[in-house]
Amino acid sequence: MKIPSSQSEYLDAYKNSVANPENFWAEIAEDFTWKKKWSEVLQWDFHKAEVKWFIGGKLNITENCIDRHLPSRANQTAILWESNDTQEPSKKITYQELSDQVCKVANMLKAHGIKKGDRVCIYMPMVPEAAYAMLGCARIGAVHSLVFAGFSSGSLVDRINDSKCKLVLTADGAHRGDKKIELKTIVDAALQHCPSVEKVVVLERSHSKPAMKAGRDFWWHDEMKKVSTVCPAEVMDAEDLLFILYTSGSTGKPKGMVHTCGGYMVYVNYTFRTAFQYKEKQIYWCTADVGWITGHSYIVYGPLSAGATTTMFEGIPSWPDMGRFWQVIEKHKVNIFYTAPTAIRSLQAAPLSFVEKYNLSSLQVIGSVGEPINEEAWDWYHKNIGKGNCPVIDTWWQTENGGFMISPIANVTKLKPAFASLPLPGVQPAVMDEKGNELLENNIEGRLAIKFPWPSIARTIYGDHQRFKDTYFSTFPGKYFTGDGCKRDEDGYYRITGRVDDIIIVSGHNMGTAEVESAIDEHPAVAESAVVGFPHDIKGQGIYAFVICYQKPNDAEKLRAEIKETVSKIIGPIAKPDKIQFVSGLPKTRSGKIMRRILRKVAEGDTSNLGDITTLLDPNVVEEIKNGAL
Ligand code: WTA
């Protein structure tokens with residue numbers, strides 16, 4: 001497979017990928033281990049929201065992530081693990097050990113009745129076992145559904161029930177900084193409402209000695225003793241499900257995005273190697289959690305399919321102090337470092353001495369993902385972490401995309417701060433105006449859509465294809481709509497400006513305003529609420545809630561704290577509103593629709609021009625909201 005590594009190779013690859021996408025991707029796919037070759041490369045119809053790649057091809061992704069590397073790199077580190085606890089030794093798991101552990105997990109799952117196609121929920125801390133769990137499922141064709149271990153039991157219930165998981169892999173607890181999260185207790189609370197779950201396997205991590213339910217709950221270490229390190233890989237169709245991963249929607253419950261085996265593998269491998277220009281023996285570190293798509297594609301499947309050494313870090317950037325990331329880079333001589341703007345901004349706010357203490361000269365490429373990176377953070381990252389000579393790879397993509405879409409290629413693409421820059425080969429963006437016309441020229445701003453399928457596009461929303469079609473393929477018929485706004489400058493460079501729907505991105509986590517509102521409304525004192533995002537120095541966006549109570553609160557502070565706690569319990573601490581303003585009414589049109597435009601302005605602190613408010617049912621409410629702004 002040819003990875004473009006110069007400007008002219010990129011341009012050639014790009015042209016070729018547009019002129020002849022099927023040949024382009026078939027050539028790349030040839031380089032993997034297939035049990036049977038595909039008969040047709042691509043079938044697609046964006047009007048029906050249908051895409052298939054490598055039709056008829058048979059494979060197992062774990063053979064591509066593990067077995068095919070064994071002859072040449074059995075003793076190379078596959079996973080480099082760094083504990084939350086600075087005193088605990090790091091672990092280096094070789095490809096051979098990875099093979100043994102993944103096969104054991106696969107055999108353990110089989111022993112507990114899991115078969116191809118069954119869904120398994122993984123709710124685990126950032127330990128190597130989380131990767132074994134994912135790959136163990138993939139080995140036998142079970143479909144994994146990871147839930148970020150910061151979500152509460154309510155979120156876990158929704159996700160487990162939506163895909164009817166049969167088994168849960170979890171741990172007694174997780175360490176994050178100086179906090180301990182009792183994962184098993186959260187699972188126990190969830191499982192009272194999850195009839196599909198028959199078994200739970202619990203990894204011992206925090207030694208918190210949770211209650212174990214006989215016949216349902218088993219210890220990981222006991223079960224793993226009983227099984228062998230050999231497990232044949234299930235033969236999977238290219239279009240069989242690999243995993244489901246939930247992402248917030250602008251309405252209703254989270255959407256279970258479905259990714260399949262063949263196209264996903266080909267695309268995450270190609271984009272990992274292309275954007276970062278990954279070279280043999282480099283140490284790679286992505287700081288995401290495996291519970292998010294970035295962890296799936298660029299901690300586990302992308303790097304391991306490329307035979308890389310991938311780092312998993314259990315801790316957080318600010319503990320025991322703000323130098324933790326830099327200390328880990330020095331300790332493991334990390335070459336490629338990939339993190340999120342929210343982390344960069346919080347570390348930028350700390351004294352520079354935390355950076356200067358460490359030798360970061362191993363770094364060659366530094367990346368960013370999850371939300372727009374502002375120019376100031378980009379410059380700081382480039383200058384202080386990359387020392388001015390590491391390209392900043394600002395990768396724009398989404399859970400739905402599976403892999404990088406618009407991103408610079410390290411040492412190939414000329415960089416512009418805060419621009420995700422150019423589409424990778426195979427990606428055909430279109431900028432649309434509000435009427436649905438494609439803007440063909442440069443120097444424009446609009447909504448970002450994609451015109452042609454790429455191999456790792458999500459295939460559907462689990463159990464709800466209509467919603468998939470409505471959400472992504474109905475705004476601009478015949479195109480995939482991203483939900484993001486963007487600018488395209490005179491050089492054809494893309495700058496993502498943020499969401500244009502009711503999703504807010506808080507510290508890189510997508511949050512549907514509707515989801516947060518319904519959690520707030522669960523508090524017995526609350527009659528109605530409306531949530532919007534507002535600019536936040538560290539988090540990118542913060543959550544601002546306008547809340548109507550049945551009665552004027554006696555103790556506003558106390559009620560605010562209670563509402564935050566309610567949201568934290570129902571969704572998770574990441575969804576807690578930053579600001580809560582109590583109001584007597586919301587700005588609604590005569591048809592009852594909340595005019596969020598006005599609320600956004602108030603939340604941003606910009607009330608000088610609220611635009612036309614004459615269509616409101618009660619324009620007076622705007623004055624009250626303006627005056628009470630926090
Ligand atoms: C935003 C994360 C600007 C965007 C991989 C997108 C970005 C949403 C960038 C998807 C970036 C992600 N620049 N915005 N480099 N990367 N986004 O599904 O709004 O968690 O639609 O996937 O994050 O978030 P998700």
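This passage describes the surroundings of the ligand, the cysteines and three individual residues in a predicted model.

The ligand is surrounded by 17 residues, of which Asp-394, Thr-395, Thr-399, Asp-484 and Arg-499 come nearest. Sorted by class, the shell around the ligand consists of seven nonpolar, six polar and four charged residues. Three elements of secondary structure, namely helix H11 (293–305), strand E20 (392–395) and strand E26 (494–499), each supply at least two residues of this shell. Polar atoms of the protein approach the ligand at several points: a nitrogen atom of the ligand is placed 2.7 Å from a polar backbone atom of Thr-395, and a nitrogen atom of the ligand is also found 3.4 Å from a polar backbone atom of Glu-371. In the case of Asp-484 the side chain is involved, with one of its N or O atoms 2.6 Å from an oxygen atom of the ligand. Taken alone, the ligand would expose 530 Å², and the protein buries 96% of that area.

The cysteines were examined next. A disulfide is a covalent bond between the sulfur atoms of two cysteines. The structure holds zero disulfides, and the positions of individual cysteines can be set against the cut-off of 2.5 Å between sulfur atoms that defines such a pair. For Cys-121, the closest cysteine sulfur belongs to Cys-165 and lies 5.0 Å away, which is too far for a bond. Cys-231 is likewise in no disulfide, the nearest cysteine sulfur being that of Cys-103 at a distance of 5.4 Å. Cys-121 has a relative accessible area of 1% and is therefore classed as buried, and Cys-231, with a relative accessible area of 2%, is buried too.

Glu-517 is located in helix H17, which spans residues 513–520. Although its side chain is of the charged class, Glu-517 counts as buried, because its relative accessibility is 10% and the limit for a buried residue is under 20%. When its neighbours within four places in sequence are left aside, Glu-517 is in contact with Ser-529, Ala-530, Val-531 and Arg-596. With one of these residues, Val-531, there is a polar approach, in which the backbone nitrogen of Val-531 lies 2.8 Å from a polar atom of the Glu-517 side chain. Glu-517 and Phe-546 are separated by 29 residues in sequence, while their C-alpha atoms are 9.4 Å apart in space.

Val-187 belongs to helix H8, which covers residues 183–191. Its relative accessibility is 0%, so Val-187 is counted as buried. Residues up to four places away in sequence not being counted, Val-187 touches Tyr-123, Leu-156, Val-168, Thr-170 and Val-200. Of these, Val-200 stands 13 residues from Val-187 in sequence, and the two C-alpha atoms are 9.0 Å apart.

Gln-76, in turn, occupies a loop, the one between helix H4 (70–73) and strand E4 (77–82). This loop residue is nevertheless buried, because its relative accessible area is 14%, a value to be read against the limit of under 20%. Apart from neighbours within four places in sequence, the contacts of Gln-76 are Ile-93, Thr-94 and Tyr-95, together with Gly-307, Ala-308 and Thr-309.

Technical notes. Residues are numbered from 1 along each chain as its sequence is written. This is a predicted model: local features need pLDDT of at least 70, side-chain atom pairs count only at pLDDT 80 or more; totals for chains, interfaces and linings use all residues. Side-chain values use heavy atoms; hydrogens and water are left out. A residue is near a molecule or strand if one of its heavy atoms lies within 4 Å of it. A polar contact is a pair of N or O atoms within 3.5 Å; within protein, one must be able to donate a hydrogen and the other to accept it, and residues adjacent in sequence count only if both atoms are side-chain atoms. Accessible areas come from the Shrake-Rupley method with a 1.4 Å probe; for residues, only the protein chains shown count as cover. Helices (H or I, at least four residues) and strands (E, at least two) are DSSP runs, numbered from the N terminus. Buried means under 20% relative accessible area, exposed over 50%, partly exposed in between (1.4 Å probe, protein chains only). Contact means heavy atoms within 4.5 Å.
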